[in-house]
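Q: Could you take a close look at the sheet in this model, strand by strand, and then place it beside what can be said about the rest of the chain? I would like a connected account rather than a list.

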Amino acid sequence: MTTSTSFDRDDPPILGANPFVGLTRTQVAASLARVGQRAAVEPGALLATGLGALGELVRVGVGRSEVEPAKGDRRFTARAWRENPVFHRLMQAYLVEQRAAHRLVDEVELDKKSRDRAHFAMSLLTEAVSPTNNLLTNPNALAKAAQTRGQSLVAGARHLAHDVRHNGGMPSQVDTRPFEVGRNLAVTPGQVVYRTEVFELIQYAPSTTQVHSRPLVVVPPQINKYYITDLAQGRSLVESTVAAGIQYFTLSWRNPTSEQRDWNLDTYAAACREAIEVACDI
């Protein structure tokens with residue numbers, strides 16, 4: 001029996017680095033609207049920020065600006081961004097406007113929480129309109145399209161269609177189509193031996209004639225899949241652990257929805273304790 005569980009389904013896309021710092025689309029829009037409202041009642045901040053950006057844009061236009069990408073910004077590593085005067089000015093103009101937008105967030109009167117949210121929302125907005133995200137203003141994409149005779153554009157359109165259909169329109173970080181739980185992922189034999197509203201407990205089948213009496217209960221992060229430790233044969237922590245005679249248990253967490261809005265850390269802590277007790281009883 002494979003170890004696929006009823007809780008194994010796709011997670012919804014998140015507007016953030018992880019579920020603990022993410023914002024909903026409504027919150028993003030509200031954060032940007034709040035900045036706009038404050039700028040309207042504090043025209044001095046808007047004027048100062050706008051004049052500063054305008055002056056720098058003039059220097060960009062005449063080739064005297066020293067604006068450069070931040071260290072570690074990999075979007076503008078292509079030589080064309082430095083050597084081609086058109087792309088170089090386009091990059092600088094974008095960076096000036098991006099930094100001006102964040103400077104406005106710092107200048108208007110906001111509490112710390114609202115300011116942090118506004119910076120995050122502004123990052124989503126300004127990074128979305130980056131010239132690297134537009135075919136006509138991305139030298140790498142243009143060169144790739146010419147090199148592949150347009151095949152890169154066809155592949156990109158196919159990826160876009162897939163993301164719209166299967167990933168809520170958010171860009172996929174990896175092509176998941178080659179992977180299937182129980183076929184070439186999470187193939188160590190096991191079965192669900194206990195189920196609650198919060199989790200399912202999986203026990204992996206021993207591969208030795210004798211096993212240690214003390215079980216190992218692995219608690220994966222709530223934001224991850226339980227089979228992160230069982231990627232493939234030869235590269236599986238589960239496989240090597242049961243081969244050492246250790247009884248291996250793990251939890252498959254339920255993906256919470258709005259119906260589970262009252263769950264908290266106590267809910268998960270109690271679930272961990274319950275899983276350990278069940279494994280020890282088995």
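A: What follows goes through the sheet first and then turns to the surface and the charged pairs. Please keep in mind throughout that this is a predicted model.

The sheet is an open one of four strands, arranged in the order β1-β2-β4-β3, and its pairing is mixed. Its edges are formed by β1 (190–195) and β3, each of which pairs on one side only. On average, and ignoring direction, neighbouring strands in this sheet are turned by 30° against each other.

Starting from the β1 edge, a hairpin of three connecting residues leads from β1 to β2, and these two strands pair in the antiparallel sense over five bridges. One place to find this pairing in the structure is Gln-191, whose bridge partner in β2 is Gln-203. Gln-203 also has a bridge partner in β4, namely Phe-249, so that residue is a convenient point from which to follow the sheet from β1 through β2 into β4.

Strand β2 is largely enclosed by the rest of the structure, because six of its six residues are buried. Both of its faces are covered: Phe-199, Leu-201 and Gln-203 lie on one side, Glu-200, Ile-202 and Tyr-204 on the other, and all of these are buried. This arrangement fits a general pattern, in which the side chains of a regular strand alternate between the two faces of the sheet.

Strand β2 (residues 199–204) then pairs with β4, again in the antiparallel sense and over five bridges. Besides the Gln-203 contact, Glu-200 has Ser-252 as its bridge partner in β4.

Strand β4 (residues 248–253) is mostly covered, with six of its six residues buried. From β4, Tyr-248, Thr-250 and Ser-252 point one way, while Phe-249, Leu-251 and Trp-253 point the other way, and all of them are buried. The residues named as bridge partners above can therefore be placed on their faces: Ser-252 belongs to the group with Tyr-248 and Thr-250, whereas Phe-249 belongs to the group with Leu-251 and Trp-253.

On its other side, β4 meets strand β3 (residues 216–218), and here the pairing is parallel, over three bridges. Within it, Val-218 has Thr-250 as its bridge partner in β4. Between these two strands the chain passes from β3 through helix α8 (residues 237–243) to β4, in a β-α-β crossover that is right-handed.

Turning to the surface, Leu-47, Leu-51, Leu-54, Val-58 and Val-62 form a nonpolar patch, and together they have about 490 Å² of accessible area. Among them, Leu-47 lies in helix α2 (residues 43–61); with a relative accessible area of 53%, Leu-47 is exposed, because the cut-off for that class is over 50%. Leu-32, in helix α1 (residues 25–41), counts as partly exposed at 24% relative accessibility. Computed along the sequence, Leu-32 is 106 residues from Asn-138, and their C-alpha atoms are 27 Å apart in space. Thr-24, in the segment before α1, also counts as partly exposed, at 43% relative accessibility. The C-alpha atoms of Thr-24 and Ser-240 are separated by 40 Å, with their positions 216 residues apart along the chain.

Finally, the charged pairs. As a general matter, side chains of opposite charge can pair when their charged atoms come close. The structure holds eight salt bridges, one of which joins Glu-42 to Arg-38, with the closest N and O atoms 2.9 Å apart. Glu-42 counts as buried at 18% relative accessibility, whereas Arg-38 counts as partly exposed at 24%. Arg-38 and Glu-42 are also linked with Glu-109 in a network of salt bridges.

Another salt bridge is formed by Asp-73 and Arg-75, whose closest N and O atoms are 2.8 Å apart; Arg-75 is partly exposed, with a relative accessible area of 25%. In the salt bridge between Glu-277 and Arg-273, the closest N and O atoms are 3.4 Å apart. These two residues are separated by about one helical turn, because they are four residues apart in helix α9 (residues 265–281). Glu-277 is partly exposed at a relative accessible area of 43%, while Arg-273 counts as exposed at 59% relative accessibility.

How values were computed. Residues are numbered from 1 along each chain as its sequence is written. This is a predicted model: local features need pLDDT of at least 70, side-chain atom pairs count only at pLDDT 80 or more; totals for chains, interfaces and linings use all residues. Side-chain values use heavy atoms; hydrogens and water are left out. Buried means under 20% relative accessible area, exposed over 50%, partly exposed in between (1.4 Å probe, protein chains only). Two strands pair if DSSP finds at least two bridges between them. A crossover is right-handed if, with the strands pointing away from the viewer, the path from the first strand over the helix to the second runs clockwise. Patches are made of residues with over 30% relative accessible area and no salt bridge: like charges are joined within 9 Å, nonpolar side chains (Val, Leu, Ile, Met, Phe, Trp, Tyr) within 5 Å. Accessible areas come from the Shrake-Rupley method with a 1.4 Å probe; for residues, only the protein chains shown count as cover. A salt bridge is a side-chain nitrogen of Lys or Arg within 4 Å of a carboxyl oxygen of Asp or Glu. Axes are lines fitted to C-alpha atoms, for helices over the stretch in contact, and angles run from 0 to 180 degrees between N-to-C directions.
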